[in-house]
Each structure stands twice: as structure tokens, then as C-alpha cells.
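Q: I have a structure open and would like to talk it through with you. Can we begin with the surface and then move inward?
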Amino acid sequence: MEWKYNFIPLVVLILLSIIISISTSLNENQSIDEIISKFILKYQLKNENLDNNNNNNNNKINFNNYNSNYKNNNINIWIQFNEKFLTNNKIQLNYFDYLSEKSKNRRSFRGNNHKNNNNNLLIKNNNNNNNNNDNYNNNNFIDENDFPINEKYIEEILRIGNSENNSTIMKERKRSNWLNSVSFSLKINEEILSPQQSCPDKLKEILQLINSNEFVKKISIVNQLNLPNTKNNNNNNNNNNNNNNNNIEKKQIQLNGNGDSDSDIDIDGNELNIFNGIDYGKSYSQLNQIGVLEAHKLGYKGNGTTIMVIDTGFLKSHESLIDIRIHGERDFIEHTDNTESGGLKQISHGTFVLSQIGGNKPGKIIGVAPDAHFILAKTEIVSEEIPIEEDYLIESIEWGESIGADVISISLSYTQNYEYWQRDGTSQLSKAIDIATDKGVVVVVASGNDGEIGVGPPGDSKFAITVGAVDAFGEIATFSSYGPTSDGRLKPEVSAKGVLCFGADDSEIDSYRYTSGTSHATPLIAGSVALIIEAHPNWTPNQIKEVLLKTASQSQSPDNFKGFGIINVVDAINDKPSSIITTTTTNSNRNEEDCLSNNGIILNNQCICSQNSSNDITDSCSLKIRCSFVCSFNKGKCSEYDCFRCLNPNEKEESNGREKCKPISDINQENPNFSNLSKIKFPLFLIITLTILKIIVQ
């Protein structure tokens, strides 16, 4: 009789699992008018006189964004300049002393600075004596992105923005030499304005004056970012698309000081967590899935590499992190050199992520690269629920690169500030990541937890390695954001375990937990990249990316969910990129440039996933990156003439001699929604069933 009653919960949960399974069956420039529209919206919200049913507002505005950007009639803006006009040539080489020797060496061996054409910045000099410029050219670790921004430009912007009667107050926030851009805060004092002038009118006046200068290239809003699995309390209740995804972090299992859950169930079902005489604890599964254990056996644990982790803060006193080797750290919020401040909630996410890479407590957890050095950057105020603004994140990337980062791990994403058709790798942050890659840094980014909402910046970066999440069975997680990007590039490129990952918890110095999200697949890939660099210190970011892709689990049939599949780091270490397999020739260089210019990927000297013409589909991957489901789901429209491009639905396009694309129905293309959801049904059923059986047997 007792067994009969114990069996009831099993039957109920199996039925529940079955029910769950069945139920789950523009361009880069922002116009001044767009900025004004967004400001008007927040100005109205501030004064509580906005009619949410008023359809006269710009329909591209998300009513849930920008709140913290517009407090007290304040707006933060980027101003990008056209050129770096050097008024004299007396910039001494010691200006570049902020670059560490490690950064210089990495740039020289793994970067592309010698090409000197990455950002198309124009450097002028009104002095005929170019001796110093010759000195710059003799240092192949320096390019035009490293030159300082013209101070006269900044002075003129501040002159315009600070009115004599203090009706507007403008302050400089951050500089990005790489982007030739400066972010400013602009405050409009409403009480000082004349009765005939409103705040939006004054803002438009100032922006038009700034834009009238020939040296100004672009004005745009400083956007905001969130951790992919951080709940946004400002979400509209009617927008249910992200509700489950935003709460991924909440769905976790707390473990006690012994690293055990209260029910003493091993989530991964492993009886033995020992490999090569080392007890990996409950981190065994997430490392074994991507070949890390075999790489450790060969002696690769990240020695000699430097990994930068950009996150919320870090409990460095946790038992798994106490011996971690810190190369540098900086709090970009409080402007200090301590990343452990702010309380437990502040350091929770960063502590977990860091332990996945650098943790080293045998029997509990061992990270992917425990012997690496680390650069820690704190960039988000969690306790106040204030998301990081992208100028702070760009500043942290430039700083980390300058002090010698080999790899950067970023678990931030912001789809909410960009419509799908704007997510094409042209945001300020995505371009900064591309520049870091050009300087020899491998940047690894989370795809996000937004499913069919798609991959947002910075995951849409052209050269970053973007990471999707899978479960212990290797099936795609339903929350993992999938591609392609709005300009038709395959994203994510690779995947790792992101469902019930194991890591350090911040509640106690000896506590651990399981949690899920692409945030936690990302550090596993970042640590793996460090192992490859340890084995091949002169490989470029493109070469490292290539070996990861071509040795991944579905390299022969990549898709928009897992990319080229789950990586195998030991296979990647033992592989060779195309440029090493063959002798480089002028013709091969030209072919590579042609491939990359068409957003293609070089694997084994073959160009795949390319957009070589609107109607010429060269491989199965090119089929999958055509504009289709994700564009229409996100209320965009597919271009009639550029088969890979998603457009603003209000945009009008002309043929300009181009042929129309073949209808998408004529192409045997997978349905992303069906493929993504159906793959998890059986594993979900199996996990629930096996777990309950184990409880009953005990």
C-alpha cells in the first residue's frame, strides 16, 4: 500500500511533463528626430501625462526603455567625429605607454594593426614635418584607433551644450579613442526655459547646432545593457515574450557547503566525477561535454594566458576563487580598483561566471582554465537595478585590451534597445568588439536568453564568438537566442552547456548552486579559447574561431540555434586553421577577403555561409541565413532584393537593377520555432522521470 501511494507523485509528474511537451509543440545612423522622439516619450513619462494608447508617438519606441537615461530631463548621447585632425605632430610615443608589453606583443603577433584600415578613420596633420608619424608607423602595435581624440572638437561640443543661462548643462562622460567618439550627458533645466520653449524643443536646438559642425559624423543615444538572465522590472505586463527568459536566473538549485543539494540529487546523474586522478566535483559534466577534461590531461589549463571577465562583481574570498591570479581589476561604476564591493546580490552573477573559468577547489569545482591570469571588470549596479550603459562597457573593453587581455568574456545583452532590423553589428559596442578582435583579442559573447526575439548587441558583432546554450543531452535550450542577424550572418557560432550549470554561490564562501542561461555557456567557451591560446600562442582570433567551428559537433550542418555545434576544445587544439594548412598566396588572400566581405566563414579553405549574391545560394548554411521567420516574428520585413536583409517595415526600397529574391517558400528551410522547441521535449520528459524514480527507489 505504501508503494502505491509513493507512485502517485511519479504519475502526476510524468503527466505534467507530457503536457509541457505537447504545449511547447535602418541603417546605423540615428536621426535627431529619433533621439527627440525618445526624449519626448520619457519626458512625458516623467510628468505622468503620457497616453499609452496614443498612436501618434513614434512606433519604433519601446515604452519600457530609457527610464534611467531620462531622469531630471537628462539624456546621454554619443557624438562620433569624422576624423582625427592632429593640430600638431608633437604627440610623443610615450603617449602610448598605457599599453602594457603584453598588449603590444599580442597586437604584434595576433593582431591586424599593420593593415591600418579597420575603422576608416582619417588622420590629418597640418604640419609638414611627419617624423613623429613615421615613428608611429615603425611600431606595428599602433594604429589610427589608438590616437587621441581632438581636444578642440570636445571643447566646441561643450561650448554649444553649456548655455550661458544654464538652461542646458553638458558634461563629458567617456571617451573611446577606438570609435573616435565621446559620450556626453545633456541636462535641460526646464525651469529656466522661456514659456514658449519646451524641453524637446531645446534639445532639438542643441543637437542641430552640434550636428552642423563638419567634424561631427553621427549623434546617437547611449544605449543600455542588461544581463541576459536579469529580470527587468520595467517590462510591460502585456509583453510576455521574455517573461520566462528573464527569470532563468531565478530557477536555480541552492547547494550547501558540501556542494550538495538539499535532496542530495546529482543533477547530471554522474556517479564518478574523477578524471585522470582529479576530482572535478559537479563541474565534471559541463567540462566533459566540451572536451576540457582531455585538454587538462594534456596539461592545458590556461597557463600564460589572461582572461578578462566583465560582469557584476566578484566574491574573491570564495573558497574556489581564493587562489585565483588577478592581473588587474577595476570597478567602472564606483571608479575604484575593488570589484568585490556592493553586497552579495551585486557579486552573485560575476562570482558564478568567474568560478566556471577559474575556480579551483578539487571535489567541488574546477574551472576550464584555473591556471590563467584574470582581469576583472565590474560594470553593473545590480542592487539598484540600473543597467550598465554601453559607454562604460566600451571603456572597460579598451582598458582590458590595453593591459594585456587575450580573451574577453561578456555575458551582457541588450535586445530591448534595438529593433531586430537594427541588430546588424553596427552598434557602438559591437564595433568596439570588432576593433578588439582586430588587435588580437578573442571576444566571447552570450547570444542572450530571448529565443525567437533573436541575438542582440553585442552578440551581433561581426568578429565575436557568440555562444548558444544546450542541456546535458546536447539539445538546444528553449531560451537560447537564435539567429541569423538582421544582415544575414549565422549566430550563434558555437554552443556549450547552459542548462543547470554548476558554479560558486555568493551566499557563503563555501556554497554552490546550479543555474541556467547563455551567461553560463559563455565562460565555458571563453576558458576553452584560453586553452587553445596556451597551445598556440600565435594563432589569430580568426584562426582560433575557425578551429573551434570546424571541430564542433555539427560543423557539416550548422544552423541558427547551436551554430556549428558543441565545441571540442582538445580537437581544436590538435587541429590547424586554413592559413597554416596551405601556403598563403595573393589569390587565396583575395578569396578570403571576398568571403569575409560577403559575411562568409572560411573553413578548410572553403567559403561557407556566404551572401555572394541575392539569388546564388552556394551551400546549405547560406539557405539558413536567408531572411525569414525571425524577421517576420519581430515585425520586420524581408528585403525584396537583398535576400539576407531584414528591413524596417516602413522602409521603401528600390530595385536599382537588382533581381527580386526567390520566395522563401521555394527554399527548403527549417522552421526555427518548431526545431527549437521540439528538441527539448524528450530530454525534459526523461529528466523528470529519472529524477522521480531515483527519489522513489531511495
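Q: How much area does the protein expose, and what share of it do carbon and sulfur atoms supply?
A: This is a predicted model, and in it the protein exposes about 29100 Å², with 47% of that area supplied by carbon and sulfur atoms.

Q: And what percentage of the residues count as buried?
A: Of the 698 residues, 56% count as buried, in a fold that has 21 helices and 26 strands.

Q: Switching to strand β1, how many of its residues are buried?
A: In β1, which covers residues 74-81, 8 of the 8 residues are buried, so the strand is largely enclosed by the rest of the structure. N74, N76, W78 and Q80 point one way, while I75, I77, I79 and F81 point the other way, and all are buried.

Q: Which strands does β1 pair with?
A: It runs antiparallel to β5 (residues 181-188), joined by 7 bridges, and I75 has L186 as its bridge partner there. β1 also pairs with β6 (residues 216-221) in the antiparallel sense over 5 bridges, where I77 stands opposite I221.

Q: New topic: how many aromatic pairs are there?
A: The count comes to 9 aromatic pairs. One of them is F332 with W399, which is edge-to-face at 5.6 Å centre to centre, with 70° between the planes.

Q: What does that pair tie together?
A: F332 lies in the loop between β12 and α10 and W399 in helix α11, so the pair ties together parts that are 67 residues apart in sequence. F332 is buried at 2% relative accessibility, and W399 is buried too, at 11%.

Q: Which residues cluster with F81?
A: F81 forms one aromatic cluster with Y153 and F215.

Methods: Residues numbered from 1 in each chain as written. Predicted model: local features only at pLDDT ≥ 70, side-chain atom pairs only at ≥ 80, totals over all residues. Heavy atoms only, no water. Helix = DSSP H or I, 4+ residues; strand = E, 2+ residues; numbered from the N terminus. Buried < 20%, exposed > 50% of the residue type's maximum accessible area, 1.4 Å probe, protein only. Areas by Shrake-Rupley, 256 points an atom, 1.4 Å probe, with all protein chains shown as cover. Phe/Tyr/Trp six-rings, centres within 6.5 Å; stacked < 30°, edge-to-face > 60°. Pairing = 2+ DSSP bridges.
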